[in-house]
Amino acid sequence: MEKGFLEEYQEYIRKTGDRKALYKAVAKEYGVQKAIYPGSFIDISPSLVIPEVNYIDNFKGAIRFFKQMDGIQNYIEQHKEYPEACKIDFIGQDYTEPLRIEQVDLIISQYAGFVGQETKRYLKPDGILLCNDSHGDATLARFDEDFELIGIVSGNNEIEEGELERYFKLPKEKPIDLKLVKDKMKGLAYSAAAENYLFRKKS
Ligand SMILES: C[S@@+](CC[C@H](N)C(=O)[O-])C[C@H]1O[C@@H](n2cnc3c(N)ncnc32)[C@H](O)[C@@H]1O
């Protein structure tokens, strides 16, 4: 028998860890109402703390998961931590292709390629990009004129907005090769690193 969405989601969380506290800290700090999550796979935790989230993934396992949208909606309605009704959408396509969506307050980028670069046009001016540097998305944002580094999120989900100059520096001040990051789709071993980074889209 095929597994239900809840069992699959709980198993996924057991394996990868629950990032609800991360999304909650960011949503609270920046008043996020509406987000997109390109390359989400089945990580629906943002909907527990953000009223409107559009998940985007072209993997067939994710497409199959989100076919159970009624069950997902019910589950989120019962467990959400905000008073508004939840709105969940899923787009089962490549996020580098044009998306028929409106601009949002937050883009979530977690282990899914150059999400910030590919989807920044869907971010409102002053909107937030939350990303890690696993695939180098944070490095590309750091050296992108459209973004400003405004904070980091520590491993225990605390947002820090000071002393940001120390990030994205290589030992011995070696220059940063963005072509290498793009070719390898991998972040670099900086002297100081954070679990997650927060960038504001310049207006
Ligand atoms: C390693 S998983 C990470 C999933 C989730 N963000 C997490 O942190 O657990 C990467 C996901 O990104 C999706 N992905 C990667 N590139 C994509 C693209 N260009 N368009 C849509 N989805 C993509 C994959 O299908 C996969 O589900």
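The legends below describe close-up views of a predicted model, one region at a time.

**View 1. The ligand and the residues that surround it.**
Among the 15 residues around the ligand, the ones that come nearest are Tyr12, Arg19, Gly39, Asp57 and Gln110. Sorted by character, the shell around the ligand consists of 7 nonpolar, 5 polar and 3 charged residues. An oxygen atom of the ligand lies 2.6 Å from an N or O atom in the side chain of Tyr12, while a nitrogen atom of the ligand is found 2.9 Å from an N or O atom in the side chain of Asp94. The backbone also takes part in this picture, since an N or O atom in the backbone of Tyr95 is 2.9 Å from a nitrogen atom of the ligand. Of the 590 Å² of accessible area that the ligand has on its own, the protein covers 75%.

**View 2. Arg19, in the loop between α1 and α2.**
Arg19 belongs to the loop that lies between α1 (5-16) and α2 (20-30), and this residue is one of those that come nearest to the ligand. Arg19 counts as buried because its relative accessible area is 16%, which is under the 20% cut-off for that word. Its side chain makes a polar contact of 3.1 Å with the side chain of Tyr23, and another, of 3.2 Å, with the side chain of Asp43. When neighbours within four places in sequence are left aside, the residues in contact with Arg19 are Tyr12, Tyr37, Asp43, Gln110 and Tyr111.

**View 3. Tyr111 and Asp126, two residues with positive phi.**
Tyr111 is located in the loop between β4 and α6 (115-119), and its phi is near 55°, a positive value in a residue other than glycine. With a relative accessible area of 47%, Tyr111 is partly exposed. Asp126, by contrast in its setting, is part of strand β5 (residues 123-131), and its phi is also positive, near 75°, again in a residue other than glycine. Is Asp126 buried or partly exposed? Its relative accessibility is 41%, and therefore Asp126 counts as partly exposed.

**View 4. Helix α2 and the nonpolar cores.**
The buried residues of α2 are Leu22, Tyr23, Ala25, Val26, Ala27 and Tyr30. After this helix comes Gly31, with a positive phi near 60°. The largest nonpolar core of the model contains 35 residues, and Ile72, Ile76, Leu106 and Leu130 are the ones with the most contacts inside it. Which element gives the most to this core? That element is α2, which contributes 5 residues. A second core, separate from this one, has 28 residues and includes Ile107, Leu129, Leu170 and Tyr190. Leu130, which was named for its contacts inside the largest core, has contacts beyond its neighbours within four places in sequence that include Leu22, Tyr23 and Val26, as well as Leu106 and Ile107.

**View 5. Val32 and Asp105, two buried residues that touch each other.**
Val32 sits in the loop between α2 and β1 (34-38), whereas Asp105 is found in strand β4 (residues 104-109). Val32 counts as buried because its relative accessibility is 4%, and Asp105 counts as buried because its relative accessibility is 16%. Not counting residues up to four places away in sequence, Val32 touches Val26, Ala27, Ile50, Pro51, Asp105 and Leu106. Under the same condition, the residues that Asp105 touches include Val32, Gln33 and Lys34, together with Leu123, Lys124 and Ile128. The side chain of Asp105 is joined to the side chain of Lys124 by a polar contact of 2.9 Å. Val32 and Cys86 stand 54 residues apart along the chain, and their C-alpha atoms are separated by 13 Å.

**View 6. His79, in helix α5.**
His79 is a residue of helix α5 (residues 69-79). This histidine is described as partly exposed because its relative accessibility is 38%, a value between the cut-offs of 20% for buried and 50% for exposed. The side chain of His79 reaches the backbone oxygen of Tyr75 at a distance of 2.8 Å. From C-alpha to C-alpha, His79 and Phe41 are 20 Å apart in space, with a separation of 38 residues in sequence.

Conventions:
Residues numbered from 1 in each chain as written. Predicted model: local features only at pLDDT ≥ 70, side-chain atom pairs only at ≥ 80, totals over all residues. Heavy atoms only, no water. Helix = DSSP H or I, 4+ residues; strand = E, 2+ residues; numbered from the N terminus. Buried < 20%, exposed > 50% of the residue type's maximum accessible area, 1.4 Å probe, protein only. Polar contact = N/O pair within 3.5 Å; in protein donor to acceptor, adjacent residues only side chain to side chain. Contact = heavy atoms within 4.5 Å. Core = buried A, V, L, I, M, F, W, Y, C linked by side-chain atoms within 4.5 Å. Near = heavy atom within 4 Å. Areas by Shrake-Rupley, 256 points an atom, 1.4 Å probe, with all protein chains shown as cover. Nonpolar A, V, L, I, M, F, W, Y, C, P; charged D, E, K, R; others polar.
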